Amino acid sequence: MLRPLQCLVNQVRTYKHNSTPKIWKEDGVKYGLVTYYPRHKNHVDPPITPTKLFLIERVKQYKGIPYWEKQILKNINLHGEKNTKHYAVVKNTPEMCSMLWKIKHLIKVTPLNAPDKLPEPESVSTYLHENGDLLIFPKVDKSRYEATIAFKNDPKRMDGETLAEVLRDKWVNPME
C-alpha cells in the first residue's frame, strides 16, 4: 500500500533546454561562437597569440580503440607499438584541431614554442624540450668536436666504466 503512495508523492525532475542561468546572461562576453563568463566584472583577458605548431604525444595504447580513431592516429603518424613513445609535430589549423578533438582521450597536446626568427639550419643545433620549448644552440666547431672524440677513444682515459673494469680485474686477480 505504501508503494503507490510514494509514486504519487515523488517529484519528477524536469530539465530545461537552456543550461545558462538567467542571471549570467548579461555578464557573458562573446568571442565568436563562445560565451565567456569572467569571474569579476572588470576582468580582461591578456592577449593570446596562438602557437603555430603542436607537439602531440600518444599516451594510450593503440590496441583496443575503434577503427575511426586508429585512422586518425595513422593520419597524424602516431600508430605503432604500444611500448614506445610516439610523438608528432602538427600545424595549428582548424582541420587539425578538429581531428585532435576526436582523439583527445588518446593524446597529450603541448603547444610548441619556437622563436620568431629561426636561423639557418647549417649554423645551429636544435633541441625540442618535452614542455614544448624549441632550444637553439650554436654548432660546435670542428676542432672541439674532434678533441672530444679523441678524448672518448683514448685508452688512458679513466671514466667510470674503464675504472670499474680495471678495479674489477685487480680484485679478481690480485697477484698479477
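In which helix of the protein is confidence lowest, and in which is confidence highest? The model is a predicted one, and the lowest confidence falls in helix H1 (residues 2-9), with a mean pLDDT of 54, whereas the highest falls in helix H3 (residues 94-102), with a mean of 93. Over the whole protein the mean pLDDT is 81, and 84% of the residues reach 70 or more. Where pLDDT is low, the predicted coordinates should not be read in detail.

**Overall make-up**

The protein has 176 residues, of which 15% count as buried. Its secondary structure consists of five helices and seven strands, and these elements follow one another from the N terminus in the order α-β-β-β-α-β-α-β-β-β-α-α. The accessible surface amounts to about 16100 Å², with 58% of that area belonging to carbon and sulfur atoms. Among the contacts with a sequence separation of 6 or more, 47% are made by residues that lie 24 or more positions apart.

**The three-stranded sheet**

Three strands form an open sheet in the order E4-E3-E5, and their pairing is antiparallel. The edges are strand E4 (86-91) and strand E5 (107-112), each of which pairs on one side only. Averaged over this sheet, and with direction ignored, neighbouring strands are turned by 25 degrees against each other.

Strand E3 (residues 53-58) is joined to E4 by six bridges, and its antiparallel pairing with E5 likewise runs over six bridges. Strand E3 is also mostly covered, since five of its six residues are buried. Ile-56 illustrates the pairing towards both edges: its bridge partner in E4 is Ala-88, while its bridge partner in E5 is Val-109. Phe-54, for its part, stands opposite Val-90 in E4.

Glu-57 also belongs to strand E3. With a relative accessible area of 10%, Glu-57 lies under the 20% cut-off and therefore counts as buried. Once neighbours within four places in sequence are left aside, Glu-57 is in contact with Lys-85, His-86, Tyr-87, Leu-106, Ile-107 and Lys-108.

**Loops on either side of E3**

Thr-51 is located in the loop between strand E2 (34-36) and E3. The side chain of Thr-51 comes within 3.2 Å of the backbone oxygen of Leu-53. If residues up to four places away in sequence are not counted, Thr-51 touches Asn-92, Pro-111, Leu-112 and Asn-113.

Gln-61 sits in the loop between E3 and helix H2 (67-76). Although Gln-61 and Leu-106 are 45 residues apart in sequence, their C-alpha atoms are 7.8 Å apart in space. Further along the chain, Asn-77 is placed in the loop between H2 and E4, and Asn-77 has a positive phi, near 70 degrees, in a residue other than glycine.

Why does Gln-61 count as partly exposed? The relative accessibility of Gln-61 is 40%, which lies between the 20% and 50% limits, so this residue belongs to the intermediate class. Asn-77, by contrast, has a relative accessible area of 52%, which is over the 50% limit, and therefore it is exposed. The table below sets out the three residues whose accessibility has been discussed.

| Residue | Relative accessible area | Class |
|---|---|---|
| Glu-57 | 10% | buried |
| Gln-61 | 40% | partly exposed |
| Asn-77 | 52% | exposed |

**The hairpin of E6 and E7**

Strand E6 (residues 124-128) and strand E7 (residues 134-138) pair in the antiparallel sense, with five bridges between them. One of the facing pairs is formed by Val-124 and Pro-138, the latter in E7. The two strands make a hairpin with five residues between them, and within its turn Gly-132 has a positive phi of about 100 degrees.

Key: Residues are numbered from 1 along each chain as its sequence is written. This is a predicted model: local features need pLDDT of at least 70, side-chain atom pairs count only at pLDDT 80 or more; totals for chains, interfaces and linings use all residues. Side-chain values use heavy atoms; hydrogens and water are left out. Two strands pair if DSSP finds at least two bridges between them. Helices (H or I, at least four residues) and strands (E, at least two) are DSSP runs, numbered from the N terminus. Axes are lines fitted to C-alpha atoms, for helices over the stretch in contact, and angles run from 0 to 180 degrees between N-to-C directions. A polar contact is a pair of N or O atoms within 3.5 Å; within protein, one must be able to donate a hydrogen and the other to accept it, and residues adjacent in sequence count only if both atoms are side-chain atoms. Contact means heavy atoms within 4.5 Å. pLDDT is the predictor's confidence in each residue, from 0 to 100. Buried means under 20% relative accessible area, exposed over 50%, partly exposed in between (1.4 Å probe, protein chains only). Accessible areas come from the Shrake-Rupley method with a 1.4 Å probe; for residues, only the protein chains shown count as cover.
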